[in-house]
Amino acid sequence: MYTIAALYHFTRFADHAALRDPLAELCRAKSVKGTLLLAREGINGTIAGPRDGIDAVLAHIKALPGCADLEWKEATAEHPPFGKMKVRLKKEIVTMGQPDVDPRARVGNYVEPDEWNDLIRSDDVVVIDTRNDYEVAIGTFEGAIDPETTSFREFPAWWEENKERFHNKRVAMFCTGGIRCEKSTNYLLGQGLEDVYHLKGGILRYLEEMPAEDSTWQGDCFVFDNRVSVGHGLVEGPHKLCHGCRRPILPEDVKRPEYEHGVSCHRCINETSEADKMRFRERQKQIVLARARGVEHLGAD
């Protein structure tokens, strides 16, 4: 079994670039794979590997400046969730494009999973899903509003266009693991809202702790690893990933004529050019050849 750890932490790194190589080297030494993002504002990512390897990497991260109280969520998988390890330097660990947003200053009111249902069923509460449209498409909370954004950068503009709809309402927000809500609730507080809430630990913690029979969650939750989606109890869902557009698809979608492994699905067939598809085919060919040779990409990008 592989241990999966999803984590994020907002802190202020004086030199985040200097943290990259030691972290990448430790991950390689401990057979840990996945993606970690480093920015001036903190660290974010999901990693997977043997139990002792995950423990070593988490201990290393907790020893970084300002990360002693790091929290993370764990799950397990029978198969490797990631093919390689990437430690990347970014301007933001989750990109909102709002330089004045600072979750370290203040965020909305945290709501525990066992209190979430009562909150979102209140008549004076509006529930907003802060994730991208393709994530919302396979699952969300009952009654939640889908902003239909393709990236988190679009959320501030969506809010500006729609904020009058939510006059005199309390706003409850949620996302996969909680990181987007750290920024989105800080943003709304900065816009003058007072009653802003977000689901502590995100959808993943809710699905882990809330019994299915008591749940207000509908569908599956998209995750950014080879499991693709999970349901209650964090059990792996039915979805596969189109490697052409990185969207989740169902097993029956593989049988559709638009589907070509590693190239396209019915959602993206008309979104890419023939030159793109040729490039994707070559990429898929190289992946197959590498697997046949038993080559693994362990380097940090």
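The lining of the second largest pocket comprises nine charged, eight nonpolar and five polar residues. This description rests on a predicted model. The pocket, second largest by rank, encloses about 500 Å³ of space. Its lining numbers 22 residues, and Y8, E71, Y110, E182 and K200 lie closest to the centre. Two or more lining residues come from each of β1 (2–10), β4, β10 and α7. Among these elements, β1 gives the most to the lining of the second largest pocket, with four residues.

The packing of nonpolar residues was examined next. In soluble globular proteins, nonpolar side chains tend to be buried together. Here, the largest nonpolar core holds 26 residues. Within this core, W116, F141, F174, Y206, L207 and W217 have the most contacts. At least two core residues are supplied by each of the helices α3 (113–120) and α7 (202–209). The strands β4 (72–77), β7 (125–129), β9 (170–174) and β10 (196–199) each do likewise. The top contribution to this core comes from α7, with four residues.

W217 illustrates the packing. Beyond its neighbours within four places in sequence, W217 is in contact with F141, F174, Y206 and L207, which are also listed among the core residues with the most contacts. Its other partners in contact are R131, G139, T140, I203 and H232. A second core, separate from the largest, has 24 residues. Y8, F10, I128 and V196 are among its members. Y8 thus appears twice: in this second core, and among the residues closest to the centre of the second largest pocket.

How values were computed. Residues are numbered from 1 along each chain as its sequence is written. This is a predicted model: local features need pLDDT of at least 70, side-chain atom pairs count only at pLDDT 80 or more; totals for chains, interfaces and linings use all residues. Side-chain values use heavy atoms; hydrogens and water are left out. A nonpolar core is a set of buried Ala, Val, Leu, Ile, Met, Phe, Trp, Tyr and Cys residues joined through side-chain atoms within 4.5 Å. Buried means under 20% relative accessible area, exposed over 50%, partly exposed in between (1.4 Å probe, protein chains only). Contact means heavy atoms within 4.5 Å. On a 1 Å grid over the protein atoms alone, a cavity is a set of points where a 1.4 Å probe fits but cannot get out, and a pocket is an open set with protein on both sides within 12 Å along at least five of seven lines; lining residues have an atom within 4 Å of a point. Grid points are joined across faces, edges and corners, and a volume is the space filled by probe spheres set on the points. Ala, Val, Leu, Ile, Met, Phe, Trp, Tyr, Cys and Pro count as nonpolar, Asp, Glu, Lys and Arg as charged, and the others, Gly among them, as polar.
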